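Welcome! Take a moment to look at the sequence and the 3D picture, then try each exercise before reading its solution.

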Amino acid sequence: RRADGSVMLELGVVADRLCSALVITGRVAGLGIPLHISVAFQVLQLDLRLCLTFVSRAPYVGSLKFSLMDMPQTSLRISPEGLGGLSLTDLPGVDAWLKGAIEGALVGTLVETAAAVEAAAAGAAVTGLTRGDDDHRAF
């Protein structure tokens, strides 16, 4: 129990092998060349921390904070049609560049001590990002 009467529950969640696939089709602007790209993103291991704050009034969850305990292990394949199954991530330097971009985005927003917070206050939803342990409230 917290001083304001709410109850906080913290959970550690470990997930293995989460997969996502995306197919992009279109035409290159001005040239009319068809473009077909397949993107496959896989998270090999994900350690997630969830923190729920329960309150005595509807909607009964005052806030939900989630953050990554560590950088997730990921795999990414980007395969344009017409390259015989070659992935752009197989090209020298491209894989490291893409992983660096993904890691940079995650470290700044979701890896501890940063977190995403969903807070419900008087029926209105407030979304935000927070850094450090700021009592689990959105800024």
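Here are three short exercises on this predicted model.

**Exercise 1.** Find out which strands pair with β2, and in what sense they run.

*Solution.* Start with β1 (residues 7-27) and β2 (residues 34-54): 20 bridges join these antiparallel strands. Next, take β3 (residues 61-68), which is antiparallel to β2 and joined to it by seven bridges. Finally, β4 (residues 73-80) pairs with β2 through eight bridges, again antiparallel. You can check the pairings with single residues: Val7 is opposite Phe54, Leu52 is opposite Leu64 of β3, and Val43 has Thr74 of β4 as its bridge partner.

**Exercise 2.** Locate the hairpins that involve β2, and name a residue with a positive phi in each turn.

*Solution.* Begin with the hairpin of β1 and β2: six residues lie between the strands, and Gly30 in the turn has a positive phi of about 80°. Then move on to β2 and β3, a hairpin that also has six residues between its strands. In that turn, Tyr60 has a positive phi of about 70°.

**Exercise 3.** Is Leu9 buried, partly exposed or exposed? Also work out which surface patch holds this residue.

*Solution.* First, place Leu9 in strand β1. Its relative accessibility is 36%, so Leu9 counts as partly exposed, because that class lies between the limits of 20% and 50%. Now look at the surface: Leu9 belongs to a nonpolar patch with Val7, Leu11, Val13 and Phe54, and together they have about 330 Å² of accessible area. Strand β1 gives the largest share of this patch, four residues. As a hint for reading the picture, side chains in a regular strand alternate between the two faces of the sheet.

Notes. Residues numbered from 1 in each chain as written. Heavy atoms only, no water. Patch = residues over 30% accessible without salt bridge, like charges linked within 9 Å, V, L, I, M, F, W, Y side chains within 5 Å. Areas by Shrake-Rupley, 256 points an atom, 1.4 Å probe, with all protein chains shown as cover. Salt bridge = Lys/Arg side-chain N within 4 Å of Asp/Glu carboxyl O. Helix = DSSP H or I, 4+ residues; strand = E, 2+ residues; numbered from the N terminus. Buried < 20%, exposed > 50% of the residue type's maximum accessible area, 1.4 Å probe, protein only. Pairing = 2+ DSSP bridges.
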